[in-house]
Each structure stands twice: as structure tokens, then as C-alpha cells.
Amino acid sequence: VQLAQSESQLQAASAKEQEIGEQLRTKVDQTLREVEGGFRNEITGAKHALERKLQAQEESGRAAQKCLWESLEAEQHARLAYQEEEAQRLDQQHDEHRAAVSQLQHQWSTSNEELTGRLEALAR
């Protein structure tokens with residue numbers, strides 16, 4: 001009778017052990033799924049963060065390129081404006097020199113006529 005009782009207790013203990021083992025396997029599987037899901041979420045979050053950072057860098061790069069082009073265009077416009085001003089200044093200076101030469105030619109011509117008139121008067 002004791003043997004039958006011991007066998008019965010052993011079978012009950014074995015069944016309990018199997019039940020506990022099954023519960024542990026179920027709990028381990030559930031924990032693994034949760035951990036995998038957490039890792040997936042972390043990986044997905046990190047991926048999205050990197051994509052946002054990359055997009056921000058691309059936008060920043062485009063903005064910097066646009067700023068550079070605008071700066072180059074402004075510099076080119078400034079150079080053209082300076083060259084136009086310089087050309088106008090040189091044209092004005094040329095006109096002033098031409099007027100001064102014309103005035104000197106007129107003075108020389110007038111002085112020459114006066115001298116010629118005096119010489120003719122002295123020669124008579």
C-alpha cells in the first residue's frame with residue numbers, strides 16, 4: 001500500500017513538475033516575445049530618429065547651399081555695380097579731360113592769334 005501511495009505521490013509530483021515546467025516555458029516564451037517586441041520598438045524608434053536626423057541634415061545642407069548661392073549672386077551684383085560706377089567715373093573723367101583739352105586748344109588758338117596780331121603790328 002505504501003508503494004502504491006509512493007507511486008501515486010511520485011506521479012503527482014511528476015505531473016506537478018510537468019505543469020510547473022509548462023508554466024515556466026509559457027512564461028519564458030511570453031517574456032521573450034515581450035523583449036523581442038521591446039527591441040523591435042527600440043530599433044524602429046532609433047531608425048525613425050536617424051531618418052529624421054538625416055532629413056534635418058539634408059534640409060540644413062540645402063539651406064546652406066541656397067545661402068551660398070545667394071551670397072555669390074549678391075557678390076556678383078556688387079561687383080557689376082562697382083564696375084558700372086567705375087566705367088561711369090572713367091567716362092566722366094574722359095569727358096572732363098576732353099573739355100580741358102578743348103579749352104586749352106581754344107586758349108592756345110586765342111593766344112596765338114593775339115601774338116600773331118602783335119607780331120604783324122610790330123613788323124609794320
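Colleague: Why is R25 called partly exposed?

Modeller: This is a predicted model, and in it R25 has a relative accessibility of 48%. Buried means under 20% and exposed means over 50%, so 48% puts R25 in between, as partly exposed.

Colleague: What makes E22 and R25 a salt bridge?

Modeller: Their side chains meet with N to O at 3.2 Å. The cut-off is within 4 Å, between a nitrogen of Lys or Arg and a carboxyl oxygen of Asp or Glu, so the pair E22 and R25 qualifies. E22 has a relative accessible area of 44% and is partly exposed. The two residues sit 3 residues apart in helix α1, which spans residues 2–123, and so they are separated by about one helical turn.

Colleague: How do you know that E36 and R40 form a salt bridge?

Modeller: Good one to check! The closest N and O atoms of E36 and R40 are 3.9 Å apart. That value is within 4 Å, so the pair counts. Both residues lie in helix α1, 4 residues apart, about one turn of the helix.

Colleague: Why is R40 called exposed, while E36 is called partly exposed?

Modeller: R40 has 51% relative accessibility, and exposed means over 50%, so R40 is exposed. E36 has 44%, which is between 20% and 50%, so E36 is partly exposed.

Colleague: What makes E75 and R79 a salt bridge?

Modeller: Their closest N and O atoms are 2.8 Å apart, which is within 4 Å, so the name fits. R79, at 53%, is exposed, whereas E75, at 36%, is partly exposed.

Colleague: How many salt bridges does the structure hold?

Modeller: The structure holds 5, including the one between E75 and R79.

Conventions: Residues are numbered from 1 along each chain as its sequence is written. This is a predicted model: local features need pLDDT of at least 70, side-chain atom pairs count only at pLDDT 80 or more; totals for chains, interfaces and linings use all residues. Side-chain values use heavy atoms; hydrogens and water are left out. Buried means under 20% relative accessible area, exposed over 50%, partly exposed in between (1.4 Å probe, protein chains only).
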